Amino acid sequence: SSGTLGGTGAVTVTGAFNVTGAATLSGTGTFTTQGVSLVSMAGVTNQLLVSGGKQWINQNVLTLGSDDFITLSSNGTTLTNAVGATFNVSSTFGTPLNFGGGTVTLNNAGTLNQTAAGAHTISGGIIFNNTGTVNIDAGTLTIGGSGTDSGIYTVAEGSAINFSGGTRNLNAGTNVTGLGSLSVSGATVNANNLFDIAATGSGLTVSGGTLNIGANVISGQLVAVTISGGTLNLNTANPVTLPSLTMSSGTLGGTGAVTVTGAFNVTGFNATLAGTGNFTTQGTSTINVANTTTSFILVGGRTWNNEGVLTIGGDERILFGFTTGGSNALINAVGATLNMSSTAAEPIGLFTGTATLNNFGTLNQTVTGTHAISGSIGFINQATGTVNVNAGTLSYANSLTNQGTLSVAPGARM
């Protein structure tokens, strides 16, 4: 209920191990629990401090309950949930596994269950190695630091996993699965094995850091994706399909082909399509950012095929090649519509590299004033294409390749 168990000797507890008040395990001796262990303290939030290089090995069932937490501190301190053992993280505290300094490690070779609603974090200073199974049965589990992975993460419906820092290499033997959601908010996550949650879950979000999805990891229909920062690289060997994509910042990159069947909305500053994979939109696409002027960027060899209705609204623009160039293209397909409804002077511009605007469908300018397609962009109106200047002046300071129809409304100009 208080005090310290220390020393260099190895200690094994075959029966119950109960922590009912603020206490400390210290010293370099191995501490093994083989019975049922409970860390749960009545009253105010309290901690069990594990320090001084202590190596705690749980071989049965360990439950961290109430609103308490375990702090791992000092070089060499380790908490290991052994093969066949269970660690129930049932505390309502925000950081139930807390970092106290030094090089410390949490090893899960058995089963780790998060069972408490709300947001909970394995602190970023803790090296977390998962060779077993992590079940997120409730709430959100944030993994804040680096570690090795050859195990499974299962995320229940209504629950979430978040990688917020460090580097995680999800290689052979790994999978992230379940009906819940996954987010990356600052880590580098390299998914090179199974990543089923991208198809079975409720959503995929990148707000910081980088999520790299490898060649043979996923294919076919995926979940809705939201990018508000950081980078999502889809390097899939086979095409993938998203029901919707929302970008308020950040980058969608990679070499894989991506099709968005539903809404594609760009709502924030300098969102970017990068990489060489084809990007196809089949639903309603809108580039419109409230209260600010910004660009939606295509860079690095990206081709965007619009097969639905694409509207450049507000005072926004599509900008090719910012900042590293490449050969980029926007194709407005047969039967598709591109509405230039932005008040920007140059709604379609070029920073560097090369760019092509190919119109096989209908391109409409709908706002008054003078608006330009950059003369440095190769603009081709194909035989099936129609350019309607319904308002204002549409300017193109180069030789237009026109094989289709040009229509200029009374009072408008091209």
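**Aromatic rings**

I began with the ring cluster, and in this predicted model I found that ring pairs link Phe264, Phe279, Phe296 and Trp304. I then searched the whole structure for such pairs and noted twelve aromatic pairs. One of them is formed by Phe17 and Trp56, whose ring centres are 5.8 Å apart and whose planes stand at 85°, so that I entered the pair as edge-to-face, the word used for planes over 60 degrees apart. I also looked up where the two residues sit, and I saw that Phe17 belongs to strand S3 while Trp56 belongs to strand S8 (residues 55-58), so this pair links distant parts of the chain, 39 residues apart.

Are Phe17 and Trp56 buried or exposed? I wrote down a relative accessible area of 13% for Phe17, which is therefore buried, and 0% for Trp56, which is buried too, since the cut-off for buried is under 20%.

**The open sheet**

I next followed the sheet that contains S3, and I listed eight strands in the order S3-S6-S9-S12-S15-S18-S21-S24, an open sheet with parallel pairing. Why is one side of strand S3 and of strand S24 left without a neighbour in the sheet? I noted that S3 (17-19) and S24 (175-178) stand at the edges and that each has a single partner strand, which leaves that side free of a neighbour. From one strand to the next, I recorded an average twist of 10°.

Within this sheet I checked one pair of neighbours, S12 (residues 86-89) and S15 (residues 111-114), and I found four bridges between them in the parallel sense. In that pairing, Val89 stands opposite Gln114 of S15.

**Strands S43, S46 and S49**

Further along the chain I looked at strand S43 (residues 337-340), which runs parallel to strand S46 (residues 362-365) and is joined to it by four bridges. Strand S46 is also joined by four bridges to S49 (residues 386-389), again in parallel. I traced Gln365 in both directions: Met340 stands opposite Gln365, and in S49 the bridge partner of Gln365 is Val389.

**Asp149**

My last entry concerns Asp149, which I located in strand S20 (residues 147-149). Its relative accessibility is 8%, so I counted Asp149 as buried. Which side chains make polar contacts with that of Asp149? I found Tyr153 at 2.5 Å and Arg168 at 3.0 Å. Leaving aside residues up to four places away in sequence, I listed the residues that Asp149 touches as Asn130, Arg168, Asn169, Leu170, Asn171 and Thr174.

Notes:
Residues are numbered from 1 along each chain as its sequence is written. This is a predicted model: local features need pLDDT of at least 70, side-chain atom pairs count only at pLDDT 80 or more; totals for chains, interfaces and linings use all residues. Side-chain values use heavy atoms; hydrogens and water are left out. Two strands pair if DSSP finds at least two bridges between them. Axes are lines fitted to C-alpha atoms, for helices over the stretch in contact, and angles run from 0 to 180 degrees between N-to-C directions. Buried means under 20% relative accessible area, exposed over 50%, partly exposed in between (1.4 Å probe, protein chains only). A polar contact is a pair of N or O atoms within 3.5 Å; within protein, one must be able to donate a hydrogen and the other to accept it, and residues adjacent in sequence count only if both atoms are side-chain atoms. Contact means heavy atoms within 4.5 Å. Rings of Phe, Tyr and Trp (its six-membered ring) pair if their centres lie within 6.5 Å; planes under 30 degrees apart count as stacked, over 60 as edge-to-face and the rest as tilted.
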